[in-house]
Amino acid sequence: MNRLAGVTSPYLLQHADNPVDWWPWTPEAFEEARRRDVPVLLSVGYSACHWCHVMAHESFEDELTAAYMNEHFVNIKVDREERPDVDAVYMEAVQAATGQGGWPMSVFMTADAEPFYFGTYFPPEPRHGMPSFMQVLEGVYSAWTGRREEVGEVAQRIVRDLAGRQLDYGKAGTPGPEDLAQALLALTREYDATHGGFGGAPKFPPSMALEFLLRHHARTGSEGALQMAVDTCEAMARGGIYDQLGGGFARYAVDREWVTPHFEKMLYDNALLCRVYAHLWRATGSELARRVALETADFMVRELRTEQGGFASALDADSEEPLSGRHVEGAYYVWTPGQLVDVLGEDDAALARACFEVTDEGTFEHGKSVLQLPQDGPTVDAARLADIKARLLAARGERPAPGRDDKVVAAWNGLAIAALAECGAFFERPDLVERAIEAADLLVRVHMDGRARLARTSRDGQVGANAGVLEDYGDVAEGFLTLAGVTGEGVWLEFAGFLVDLIMARFTAEDGSLYDTAHDAEQLIRRPQDPTDTAAPSGWTAAAGALLSYAAHTGSEPHRSAAERALAVVHALGPRAPRFIGHGLAVAEALVDGPREVAVVGHPDDPALAALHRTALLGTAPGAVVAVGAPRAADGSGGEFPLLAERTLVHDLPTAYVCRHFVCARPTTEPVELAEQLGAVRP
């Protein structure tokens with residue numbers, strides 16, 4: 001009996017009609033394996049994963065394969081986005097055993113959840129040196145029945161090896177300017193000076209490394225850091241990885257030139273990149289950066305926002321190809337010259353071909369092209385190009401759309417809240433701030449319980465069963481803190497305080513290191529603990545950033561100390577592996593710079609207060625926190641932010657105060673002077 005019909009995960013629901021007798025991850029599934037004396041097959045994926053869909057169609061929808069799985073295994077299906085802890089523990093085992101990982105992930109284990117054989121995608125028949133999935137199933141079951149003692153020894157050894165991989169970064173020391181300079185040097189060595197970004201193919205948007213580069217430039221004036229950020233952002237924005245019609249970024253490019261994307265669109269990528277491009281505009285005034293930031297924000301609101309005000313997780317890479325009826329990767333996004341003519345007519349189609357590099361041979365597959373915006377393209381009247389893009393977007397909207405994973409993940413919504421709040425403030429788009437507030441309200445109403453504990457997911461306004469992990473607490477707190485600075489509403493600072501207190505109480509080890517799961521979470525074969533960034537900031541460094549910002553807002557020494565202890569991992573890893581701890585490096589830049597504490601006081605309806613507030617938000621000082629509102633009396637009355645206490649008006653005019661490292665600059669009523677106080681620190 002397939003037991004997935006009643007779950008909330010869209011990914012699991014995609015498998016609810018499989019002939020495989022799937023179980024969700026529950027104690028009952030392992031009890032069933034123990035009762036039947038059979039191994040467990042754990043299959044992990046997510047709804048926007050192309051090869052997960054392929055393996056499902058080839059194997060899990062096949063009656064003969066399913067019958068063998070049902071007879072010889074207890075089969076468990078897990079959505080990695082709902083259970084990142086389960087995914088992390090077994091992915092670590094897969095990578096340790098095979099040297100690589102990815103999704104779909106296939107793990108065979110005992111009824112005690114101890115893994116003994118691993119893999120990712122297996123084809124339906126042998127190919128490219130890989131065994132078929134049926135061969136794997138038969139081989140595993142043969143070993144289970146014929147060499148049980150050996151299987152048990154392997155499983156126990158793997159669990160022991162995993163237990164021995166505990167991190168010991170608690171005594172590494174707080175990162176300083178030299179660590180950050182060495183990290184920049186290491187990034188420079190890996191930089192692709194021709195195409196932007198780091199490393200070769202496949203190439204992922206390095207959003208967190210870019211944020212570090214922008215903050216490093218702001219603090220030190222390093223032109224090299226800024227140039228790497230500028231060139232990478234422009235290359236991505238002009239490449240096929242960016243949706244030239246609808247805005248938003250695909251997950252990654254399969255080539256080093258950013259031409260051909262893996263077409264799935266993830267909320268976390270777009271939230272992070274939206275914020276990076278907004279910060280690039282803040283640093284340089286780049287019109288391209290402004291356009292991309294706003295288009296990406298509008299994409300998230302238009303295509304990912306749910307009826308409840310939150311943001312869905314992802315759009316699939318695959319969609320139905322109108323002529324064949326098959327689900328094909330990229331079908332929604334690619335164009336042939338003939339399709340351009342059908343929509344635009346001969347003249348505009350010829351211009352579109354030149355502008356977007358649509359060729360007869362195609363830049364993708366089967367004569368189709370991914371739209372790009374090459375720098376050496378023709379000079380075009382802006383109004384005409386906008387009209388062409390609008391007509392193409394409307395025509396694309398008539399195609400079968402990619403599927404949407406509409407579960408709301410707390411952490412990724414926290415990232416979206418921060419991005420939309422800042423974009424709304426920077427570009428004077430109050431509608432974007434409103435969308436951020438609505439998403440934050442959903443997290444409080446649906447995801448947060450009476451003790452301020454977060455649930456990982458919700459769907460259709462109904463909370464999911466899985467507890468929040470560290471990244472949920474860190475990213476949601478970051479979103480709330482950003483919203484507090486933009487709106488001047490102290491309630492968001494209060495909610496962030498609840499979350500960072502729980503980080504300290506439930507996720508922190510004695511040495512200051514952080515675990516991905518709470519002390520009272522479900523006990524897996526290993527308690528996951530990973531400070532390195534993957535597609536989004538690690539929970540460890542996200543939490544460190546939230547702790548640091550909250551300490552700057554409140555003056556809390558315990559929170560500041562907790563942030564510094566957590567950032568010891570950046571001292572250890574930053575100079576050696578900067579690409580994989582970019583968010584930690586960005587937070588360390590804020591630590592080294594202060595971060596600066598900005599209090600802006602004045603009468604709420606005074607336009608001069610709004611001008612000072614906007615100037616404060618546009619300051620480039622790394623990680624600066626901003627509080628705005630009416631002056632607050634020494635007894636705490638009259639304001640919502642601790643930073644506003646005892647701040648008075650100068651000559652009865654709105655006034656800004658900037659402090660860092662227990663020293664305050666001269667109070668100012670002038671936006672120009674405030675901007676100077678929030679600019680770069682030079683050696």
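**Exercise 1. Place Val463 in its surroundings: is Val463 buried, partly exposed or exposed?**

Step 1. With a relative accessibility of 44%, Val463 counts as partly exposed; buried means under 20% relative accessible area, exposed over 50%, and partly exposed in between, using a 1.4 Å probe and protein chains only.

A word on the ground rules before going on. This is a predicted model, in which local features need pLDDT of at least 70 and side-chain atom pairs count only at pLDDT 80 or more, while totals for chains, interfaces and linings use all residues. Residues are numbered from 1 along each chain as its sequence is written, and side-chain values use heavy atoms, with hydrogens and water left out.

Step 2. Val463 sits in strand β14. Helices (H or I, at least four residues) and strands (E, at least two) are DSSP runs, numbered from the N terminus.

Step 3. Setting aside neighbours within four places in sequence, Val463 is in contact with Val446, Ala455, Thr457 and Ser458. Contact means heavy atoms within 4.5 Å.

Step 4. Now look along the chain: Lys407 is 56 residues apart from Val463, and their C-alpha atoms are separated by 9.8 Å.

**Exercise 2. Find which residues have a positive phi although they are not glycines, starting with the loop between β13 and β14.**

Step 1. In the loop between β13 (457-459) and β14 (462-463) lies Asp460. Its phi is positive, about 55°, although Asp460 is not a glycine.

Step 2. Check the surface: Asp460 has a relative accessible area of 48% and is partly exposed.

Step 3. Move on to the loop between β16 (625-629) and β17 (655-660), the place of His651. His651 is not a glycine either, yet has a positive phi of about 55°.

Step 4. His651 is exposed, at a relative accessible area of 73%.

**Exercise 3. Locate two cis peptide bonds that lead into prolines.**

Step 1. Go to Trp103 and Pro104: the peptide bond between them is cis, with omega near 5°. Pro104 belongs to the loop between α5 (84-98) and β4 (105-109).

Step 2. Ala201 and Pro202 are also joined by a cis peptide bond, with omega about -10°. Pro202 is found in the loop between α8 and α9.

**Exercise 4. Describe how α4 packs on α6: at what angle do they pack?**

Step 1. Helix α4 (residues 63-72) and helix α6 (residues 133-146) pack at about 15°, and their axes are 11 Å apart. Axes are lines fitted to C-alpha atoms, for helices over the stretch in contact, and angles run from 0 to 180 degrees between N-to-C directions.

Step 2. The two helices α4 and α6 are therefore roughly parallel to each other. Angles under 35 degrees count as roughly parallel, over 145 as roughly antiparallel, 65 to 115 as roughly perpendicular and the rest as oblique.

Step 3. Pick out the contact residues: α4 gives Leu64, Thr65, Tyr68, Met69 and His72, and α6 gives Phe133, Met134, Leu137, Glu138 and Tyr141.

Step 4. Sort the residues of this contact of α4 with α6: seven are nonpolar, two polar and one charged. Ala, Val, Leu, Ile, Met, Phe, Trp, Tyr, Cys and Pro count as nonpolar, Asp, Glu, Lys and Arg as charged, and the others, Gly among them, as polar.

Step 5. Zoom in on Thr65, which is in helix α4. Thr65 is buried, at 10% relative accessible area. Leaving out neighbours within four places in sequence, Thr65 is in contact with Ser59, Phe133, Met134 and Leu137.

**Exercise 5. Do the same for α8 and α9: which residues make the contact?**

Step 1. Helix α8 (residues 177-190) packs against helix α9 (residues 207-220) at an angle of about 125°, with axes 11 Å apart. That makes α8 oblique to α9.

Step 2. From α8 come Pro177, Leu180, Ala181, Ala183, Leu184 and Leu187, and from α9 come Ala209, Phe212, Leu213, His216 and Arg219.

Step 3. The residues of the contact of α8 with α9 divide into nine nonpolar, one polar and one charged.

**Exercise 6. Work out how many residues of α16 are buried.**

Step 1. Of the 17 residues in α16, 17 are buried, and the helix is mostly covered.

Step 2. Past α16 comes Glu428, with a positive phi near 55°.
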